[in-house]
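Reader: Please walk me through this structure. I would like to know how each label is earned.

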Amino acid sequence: MSSLSGYIIIIQGGNIMNKIHPIARVLVEKEGYILVSSPTSKNKRFSKELHFLPGGHVEYGESSLEALKREIEEEFVEASKVRIVDFIGVLECTWDNKGKLYHEINMIYKGDIMDFDKKNPPQAKEEHIQFCWEKITELETLNLLPSTLVDMIPKMLQRNCGGYIDYEMTNHK
């Protein structure tokens, strides 16, 4: 039995689902660095100054774990070097994306990657993103979204099991 078993995540909402983004992300930490993705100049949805944990949207009918595996295949040139280890937490948040409310429910998994080299991050398959390694101690200087991850990541990495839950709901009225 996998260490990922035993977790059930239910997201409901009827008509509101088109405004809530279920996202699966992977937290990869190596020697005090975490892997982040950032938009390139070819990405028109997000500013290139933003950083995210790698991953993406959960499609209707797939689990967050299936979505993350698919996203890894789609985003990484050498996807076979990225391994999902365990489920570590959920973060629900809202944030301002170019003047519009963006509402996410993030399912976050701990991951591992072979051949760590902080000067040579993994290559992205997709031209609208790029990967880089960032020091955990310098997360406050990044424009990491959701911003709650800056405080959450060290707590997640200290835990030996999954189940960390947090939320950051900003009033955007």
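**Labels and their cut-offs**

Author: Phe-76 is buried, because its relative accessibility is 1%. Buried means under 20% relative accessible area, exposed means over 50%, and partly exposed lies in between (1.4 Å probe, protein chains only).

Reader: What kind of model is this, and how are residues numbered?

Author: This is a predicted model: local features need pLDDT of at least 70, side-chain atom pairs count only at pLDDT 80 or more, and totals for chains, interfaces and linings use all residues. Numbering starts from 1 along each chain as its sequence is written, and side-chain values use heavy atoms, without hydrogens and water.

Reader: What makes Phe-76 and Phe-131 a stacked aromatic pair?

Author: Rings of Phe, Tyr and Trp (its six-membered ring) pair if their centres lie within 6.5 Å; planes under 30 degrees apart are stacked, over 60 edge-to-face, and the rest tilted. By this rule the count is 4 aromatic pairs. For Phe-76 and Phe-131, the centres are 4.2 Å apart and the planes differ by 10°. So the pair passes as stacked.

Reader: Why is this pair said to tie parts together?

Author: Phe-76 lies in the loop between H1 and S5, and Phe-131 in strand S7, so the pair ties together parts 55 residues apart in sequence. Helices (H or I, at least four residues) and strands (E, at least two) are DSSP runs, numbered from the N terminus. Phe-131 is buried, because its relative accessibility is 6%.

Reader: Why are Phe-87 and Tyr-109 called edge-to-face?

Author: Their planes stand 75° apart, with 5.3 Å centre to centre. The angle is over 60 degrees, so edge-to-face is the label. Phe-87 is in strand S5 and Tyr-109 in strand S6, 22 residues apart. Phe-87 has 5% relative accessibility, so it counts as buried. Tyr-109 has 6%, so it counts as buried.

Reader: How do you know that Arg-70 and Glu-59 form a salt bridge?

Author: A salt bridge is a side-chain nitrogen of Lys or Arg within 4 Å of a carboxyl oxygen of Asp or Glu. Here the N to O distance is 3.6 Å, so the pair qualifies. Arg-70 lies in helix H1 (residues 64–75) and Glu-59 in the loop between strand S4 (55–57) and H1, so parts 11 residues apart are tied together. Arg-70 is buried at 18%. Glu-59 is partly exposed at 44%.

Reader: What makes Asp-115 exposed and Lys-81 partly exposed?

Author: Asp-115 has a relative accessible area of 58%, which is over 50%, so it is exposed. Lys-81 has 22%, so it falls in the partly exposed range. The side chains of Lys-81 and Asp-115 meet in a salt bridge at 2.5 Å, N to O.

Reader: How many salt bridges does the structure hold?

Author: The structure holds 9 salt bridges.

Reader: Why is strand S2 called largely enclosed?

Author: In S2 (residues 33–39), 7 of the 7 residues are buried, so the rest of the structure largely encloses this strand. Tyr-33, Leu-35, Ser-37 and Pro-39 are buried on one side, and Ile-34, Val-36 and Ser-38 on the other.

Reader: How do you know that S1 and S2 pair?

Author: Two strands pair if DSSP finds at least two bridges between them. Strand S1 (residues 20–30) and S2 have 2 bridges and are antiparallel, so they pair. Glu-29 stands opposite Ile-34 in S2. S2 also joins S7 by 7 bridges, again antiparallel. There, Leu-35 stands opposite Trp-133 in S7.
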